[in-house]
Amino acid sequence: MKKFLIILSLTFLGSFAYSAQTDYEQIYRDLETPDFSYVHDIDPQEMYDIQNTSWSPYPLFRLTSPLFFKDITIEPGYYLLTPREHKGDWYILFKEQGKVKYIIPAYNREIVPVGFYEANLPQPKLTPSQKFQIKFYDFVGKYVRSSQRKPAPNTYLETTDLENNFISIVIYWGDYRYYMILRTIKL
């Protein structure tokens, strides 16, 4: 067990060392502008993602200044970031009021490290009555099939300001994290 944890931690630290040597400008130049769109700007898979939740399971991103990806200008506003696959490539959909406004390619997709969400997401402090209520709902959900629901996927969002006016955005959604790179000024 200890060997597994040491190997896992070295692998995790090794990925950070590699990211410091990444040539973001070359990655940005190699990415292609998406040449597809959705009918009526509606994401057809959204219905399946939200059918088991009371709120949107996507991370909310507030943008206060424009960002650029080649000839696409992302205007300031509030966006729900949604990862989607299209013909084997991964893209991040910027949704505003349920409509797809921008489509940006993701240059990398990785599995989220074990224990990441527990370490980075705040855990609610519950009163004894709230703990009892949750245990009661878990008990009912275990034995009454009509009340069983899957939990919403965990989400997390990281943004990093890089040199040469690049910005790296990492979207954690469920079991995967998606990397994309944007610019603060047009190239």
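1. In this predicted model, Arg183 touches Tyr28, Leu67, Phe68, Asn164, Asn165 and Phe166, when residues up to four places away in sequence are not counted. Arg183 itself belongs to strand β10, which spans residues 176–183.

2. The charge of Arg183 deserves a remark. Arg183 is buried yet forms no salt bridge. The nearest side chain of opposite charge is that of Glu25, at 6.2 Å, whereas a salt bridge requires a side-chain nitrogen of Lys or Arg within 4 Å of a carboxyl oxygen of Asp or Glu. The side chain of Arg183 does, however, reach a backbone atom: the oxygen of Ile185, at 3.1 Å.

3. A second residue to inspect is Lys95, in strand β5 (residues 89–96). Lys95 has a relative accessible area of 1% and is therefore buried, the cut-off for that term being under 20%.

4. The side chain of Lys95 is joined to the side chain of Asp43 by a polar contact of 2.8 Å. Asp43 also appears among the residues in contact with Lys95 once neighbours within four places in sequence are left aside. The others in that list are Glu46, Tyr58, Tyr78, Tyr79, Leu80, Thr82, Arg84, Val100 and Lys101.

5. On the surface, Phe132, Phe136 and Tyr137 make a nonpolar patch of about 380 Å². One of these residues, Tyr137, lies in helix α5, which covers residues 128–143.

Technical notes:
Residues are numbered from 1 along each chain as its sequence is written. This is a predicted model: local features need pLDDT of at least 70, side-chain atom pairs count only at pLDDT 80 or more; totals for chains, interfaces and linings use all residues. Side-chain values use heavy atoms; hydrogens and water are left out. Helices (H or I, at least four residues) and strands (E, at least two) are DSSP runs, numbered from the N terminus. Buried means under 20% relative accessible area, exposed over 50%, partly exposed in between (1.4 Å probe, protein chains only). Lys and Arg count as positive and Asp and Glu as negative; His and the chain ends are not counted. A polar contact is a pair of N or O atoms within 3.5 Å; within protein, one must be able to donate a hydrogen and the other to accept it, and residues adjacent in sequence count only if both atoms are side-chain atoms. Contact means heavy atoms within 4.5 Å. Patches are made of residues with over 30% relative accessible area and no salt bridge: like charges are joined within 9 Å, nonpolar side chains (Val, Leu, Ile, Met, Phe, Trp, Tyr) within 5 Å. Accessible areas come from the Shrake-Rupley method with a 1.4 Å probe; for residues, only the protein chains shown count as cover.
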